[in-house]
Amino acid sequence: MAVEDTTARRRGRRPGGQDTRVALIEAARAVFGESGFDGATVRAIATRAGVDAAMVNHWFGSKEGLFAQAVLKLPFDPHELLAELTNGPDEEFGRRIVRTFLTRWDGAGGEVFQALVRSVAGHEQAALVLRSFFQNFFTKIIAGLGSDRVELRTSLCASQLVGMGLVRYVAKFEPMATSEIEPLVTAIAPTVQRYLTGNID
């Protein structure tokens, strides 16, 4: 009977729509909480949500991506963000990254970034997943740009963005904490662009 119920749910409206994503996030929070990151499986999360396991990859790309959304609560979808950032000239990548980072986190509220920092500081697995997220995310960008020394460039980009978030949302250094976004983009983007495509020797 349980199998039939699950099948019935899979044939309903959920698998193709936004409600699938919500169901997976809710199920992931429960399963990660019960089993931890290593013990949680994509199949178990999908079963809890009543959808096919392929939906995890469809909506989040991987278990790490789902963890980022469900537990770390990043205020963006990694796949949508990547598509947004790659839409434009390569020489303006740094500007798009800094502007998007600040816009998304400002919109989510500084307390959301503070919560992320607490999660990373207090839970080794959260730090591991965040590191994996940055590595996967920037590796795709940097490899697509044809730059060398991908791992170092990825770490440099991550250090710039995380450091910027700490100063703006956690330590709240002035004037950076209350600055408008565009002056910060103008000041910081050239450094990010150099990390992406410039000379880092």
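Visitor: Over residues 41–60, how much of the chain is helix and how much is strand?

Guide: A stretch of chain can be read by its share of helix and strand and by the distance between its ends. Here, in a predicted model, residues 41–60 are 75% helix and 0% strand. The C-alpha atoms at the two ends of this stretch are 14 Å apart.

Visitor: What does UniProt list for residues 41–60?

Guide: The UniProt record, an unreviewed entry, lists them as "DNA-binding region". Please take that label as coming from the record.

Visitor: Which residues of helix α3 are buried?

Guide: Let's begin with the general idea. An α-helix has 3.6 residues a turn, so residues three or four places apart point the same way. Now to this structure: α3 covers residues 42–49, and its buried residues are I45, A46 and A49. These residues lie on the same side of α3, because the arc they cover around the axis is only 95°.

Visitor: What follows α3?

Guide: Next comes G50, and its phi is positive, near 80°.

Visitor: How many helices and strands does the protein chain have?

Guide: The count is 11 helices and 0 strands. Written as a pattern along the sequence, that reads α-α-α-α-α-α-α-α-α-α-α. If you set a box along the principal axes, the C-alpha atoms fill roughly 60 × 35 × 30 Å.

Visitor: What domains does the assignment give?

Guide: There are domain 1 (13–71) and domain 2 (76–200). To see how two domains sit together, look at their centres and then at their contacts. The C-alpha centres here are 25 Å apart. Where the domains meet, 11 residues of domain 1 are in contact with 8 residues of domain 2.

Visitor: Which residues have the most contacts inside the largest nonpolar core?

Guide: A general tendency helps first: in soluble globular proteins, nonpolar side chains tend to be buried together. In this model the largest nonpolar core has 60 residues, and L24, I45, L72, I97, F138, I141 and L196 have the most contacts inside it. Helix α9, residues 124–145, gives the most to this core, with 10 residues. Both domains take part: domain 1 and domain 2 each supply at least three residues. You have already met I45, one of the buried residues of α3.

Visitor: Which residues is I141 in contact with, leaving aside its neighbours within four places in sequence?

Guide: The partners of I141 are L82, L85, F93, I97 and L196. Two of these names, I97 and L196, also appeared among the core residues with the most contacts.

Visitor: What share of the residues in the protein chain is buried?

Guide: Of the 201 residues, 42% are buried. You can also ask how far apart in sequence the contacting residues are. Among contacts with a separation of 6 or more, 65% are between residues 24 or more positions apart.

Visitor: How many salt bridges does a search of the whole structure find?

Guide: The search finds 6 salt bridges. One of them joins R104 and E84, with the closest N and O atoms 2.6 Å apart. R104 belongs to helix α7 (residues 93–108) and E84 to helix α6 (residues 78–85), and the two residues are 20 residues apart.

Visitor: Are R104 and E84 buried, partly exposed or exposed?

Guide: R104 counts as partly exposed, because its relative accessibility is 26%. E84, with a relative accessible area of 37%, is partly exposed too.

Visitor: Which residues are joined into one network by salt bridges that share partners?

Guide: To find a network, follow a residue from one salt bridge to the next. E182 forms a salt bridge with R99, at 2.7 Å from N to O. This pair links helix α11 and helix α7, across 83 residues. E182 also meets R95 in a salt bridge of 3.8 Å. That pair again links α7 and α11, where α11 spans residues 181–197, and R95 and E182 are 87 residues apart. Together, R95, R99 and E182 form one network. As for exposure, R95 is partly exposed at 30%, R99 is partly exposed at 28%, and E182 is partly exposed at 37%.

Visitor: Where is S179 placed, and what does S179 touch?

Guide: S179 sits in the loop between α10 (150–170) and α11. With a relative accessibility of 18%, S179 counts as buried, because the cut-off is under 20%. Not counting residues up to four places away in sequence, S179 touches R168 and L184.

How values were computed. Residues are numbered from 1 along each chain as its sequence is written. This is a predicted model: local features need pLDDT of at least 70, side-chain atom pairs count only at pLDDT 80 or more; totals for chains, interfaces and linings use all residues. Side-chain values use heavy atoms; hydrogens and water are left out. A nonpolar core is a set of buried Ala, Val, Leu, Ile, Met, Phe, Trp, Tyr and Cys residues joined through side-chain atoms within 4.5 Å. Buried means under 20% relative accessible area, exposed over 50%, partly exposed in between (1.4 Å probe, protein chains only). Helices (H or I, at least four residues) and strands (E, at least two) are DSSP runs, numbered from the N terminus. Domain bounds come from an automatic or database domain assignment. Contact means heavy atoms within 4.5 Å. The arc is that of the directions from the helix axis to the C-beta atoms. UniProt positions are given in the numbering used here, feature names are shortened, and annotations may be inferred rather than shown by experiment. A salt bridge is a side-chain nitrogen of Lys or Arg within 4 Å of a carboxyl oxygen of Asp or Glu.
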